[in-house]
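Here are some exercises to work through with the structure beside you. Try each task yourself before you read its solution.

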Amino acid sequence: MTVRADGDDALLLAVAQGDRQALEALYRRHAPWLLARLRRRCADPGLVEEVVQDTFVAVWQGAGRYRGTGDVPAWIWGIGIRRLIDRLRKTSPVPRSADDALVVSAEDEVLLGVEHGDLGAALGHLSPELRAVVQATVLDGLTTREAATLLGIPQGTVKTRAARARRELREVLA
Amino acid sequence: MTTTWHADPIALAAYVEGSLDDVRASSLEAHLLTCDRCRDGVATSTPADAIDRMWGGVVDTIDTPHRSAVERLLLALRVPEHLARLLMATPSLRLSWLVAEALALGFAVIAANGTSGQDEELVLFLFLVVAALLPVAGVAVAFGPGIDPTYEVAAAAPMPADRLLLIRAAAVLASSVSITALAALALPDLDAIAAAWLLPALGLTAATLALGTWVRPLVAAASVALTWVLFAAAAAVSTQDRLAAFRPAGQVACLAVIAASAAVLAHRHTLSEGRIVR
């Protein structure tokens, strides 16, 4: 993985020392994609905006806890998706139409070439429900429990769907 | 791994809009974690007003002072926000003050449990005298320049000075009475005398507030405290009964003090000719 986060690390260090301008710079850089990415996982735009705000408040308060493990965008995403799940846990799960259904993936390297490879087609074969589970557990890196809250389904269903998705992918790719 | 691949602007715009297909969106999301250039692409496709609005929300949250657990409890009990804040700024409602009160009473209770006969009566006497004085001390340090961190703010606030005084005094009284009541439960040979501090406490607090019409709370409290200690000691000596001040006659005297103080407080404005001393 290329280290393109030098600037981010320096900004985060300044944020940890209470630099408001550094927080704003970090926010301007990372809020747009976080907003877009969370929007694909929650149908309520107001809730998503609150989650983005919460995330950067948490960055402000927790910048000192960032240990430089993994890069800053991944750290921010980890905060954001967990804030979203916390919010969903408090409210009732947001109903989601099939069009909104969540997406899939495996690891970055595979995904970078996915448009041309078989995996893209294989993922396309999965039903939206299975793809949603694969995305939450694999790409978003959520635990079974977190995925269950995000998708509004029981934990057992997450597990069975993940197993089925794995089986189907194996068959298509074989 | 170095990436030379970049998403095209149309795909980025479609992603922001939410119309990019699932598989390509996943691919892009993985890429966005590592690519500044494509993140900038997302930023330019995102409406600036949404970003500015959320930033306003972030700044608001960061600038809001942290609320203590007690203040959140007050708000949960439907206490208006401005009152909760005024109460929280009261020096004698700080945790350190309340702990000090509890410790002082705790030592008295421990001493009372460790003695018997004549000594026990002496310790009980001290417990009752101190218990009656605690709210007075609390009221004394509840206000005033140099003590109250919000003194200047309160002086300029559109709230009558005596209303703030009474609100804080009531809160101080409630907190120290609860602490004292708990401590009294731990006294040995629990009987009616264990509650004999309650009316004196109310009477002394009322007298302090009433005196506050003419002098600063600190001066008022000191005068009241001195008078009380002298009165309790004199009653004990003259009647050969250490607890004389707490017998029915003393309780009736306290009621009289409460009534007189209430009358003074009700006519505070006329009595002080509009000049409230704080």
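Helices and strands are DSSP runs, of at least four residues for a helix and at least two for a strand, and they are numbered from the N terminus. Keep in mind that this is a predicted model.

**Exercise 1.** Work out which elements make up chain B, and in what order they run from the N terminus on.

*Solution.* Start with the count: chain B has 14 helices and 0 strands. Next, write the elements in order from the N terminus, which gives α-α-α-α-α-α-α-α-α-α-α-α-α-α. Then turn to the residues: 34% of the 278 in chain B count as buried. Finally, take the contacts in chain B between residues at least 6 apart in sequence; 72% of them join residues at least 24 apart.

**Exercise 2.** Decide how helices α7 and α8 of chain A are oriented where they pack.

*Solution.* First locate the pair: α7(A) covers residues 128–139 and α8(A) residues 144–151. Now read off the geometry: the angle is about 135 degrees, and the axes lie 9 Å apart. Angles over 145 degrees count as roughly antiparallel and 65 to 115 as roughly perpendicular, with the remaining ones above 35 counted as oblique. The two helices are therefore oblique to each other. As for handedness, α7(A) makes a right-handed crossing with α8(A).

Who makes the contact? From α7(A) come A132(A), V133(A), A136(A) and T137(A), while α8(A) supplies A147(A), L150(A) and L151(A). Sorted by type, these residues give 6 nonpolar, 1 polar and no charged.

**Exercise 3.** Is I147(B) buried, exposed or partly exposed? Find its place in the chain and its contacts too.

*Solution.* Begin with the position: I147(B) sits in the loop between α8 (117–140) and α9 (151–156) of chain B. Then count its surroundings: there are 15 other C-beta atoms within 10 Å. A buried residue needs 20 or more, and an exposed one has 12 or fewer, so I147(B) is partly exposed. Leaving aside residues up to four places away in sequence, I147(B) touches P91(B) and V141(B). Of these, P91(B) is 56 residues away along the chain, yet the C-alpha atoms of I147(B) and P91(B) are separated by 7.1 Å.

**Exercise 4.** Find out how confident the predictor is in chain B and in the complex.

*Solution.* Take the whole chain to begin with: chain B has a mean pLDDT of 81, and 91% of its residues reach 70 or more. Then compare its elements: helix α4 (residues 48–63) of chain B has the highest mean, 91, and helix α14 (residues 268–271) of chain B the lowest, 69. For the complex, the predictor gives an ipTM of 0.72 and a pTM of 0.55.

Definitions and conventions. Residues are numbered from 1 along each chain as its sequence is written. Chains are lettered from A and ligands numbered from 1 in the order in which they are written. This is a predicted model: local features need pLDDT of at least 70, side-chain atom pairs count only at pLDDT 80 or more; totals for chains, interfaces and linings use all residues. Two residues are in contact if their C-beta atoms, placed from the backbone, lie within 7 Å. Axes are lines fitted to C-alpha atoms, for helices over the stretch in contact, and angles run from 0 to 180 degrees between N-to-C directions. A crossing is left-handed if the near helix is turned anticlockwise from the far one by less than a right angle, and right-handed if clockwise. Ala, Val, Leu, Ile, Met, Phe, Trp, Tyr, Cys and Pro count as nonpolar, Asp, Glu, Lys and Arg as charged, and the others, Gly among them, as polar. pLDDT is the predictor's confidence in each residue, from 0 to 100.
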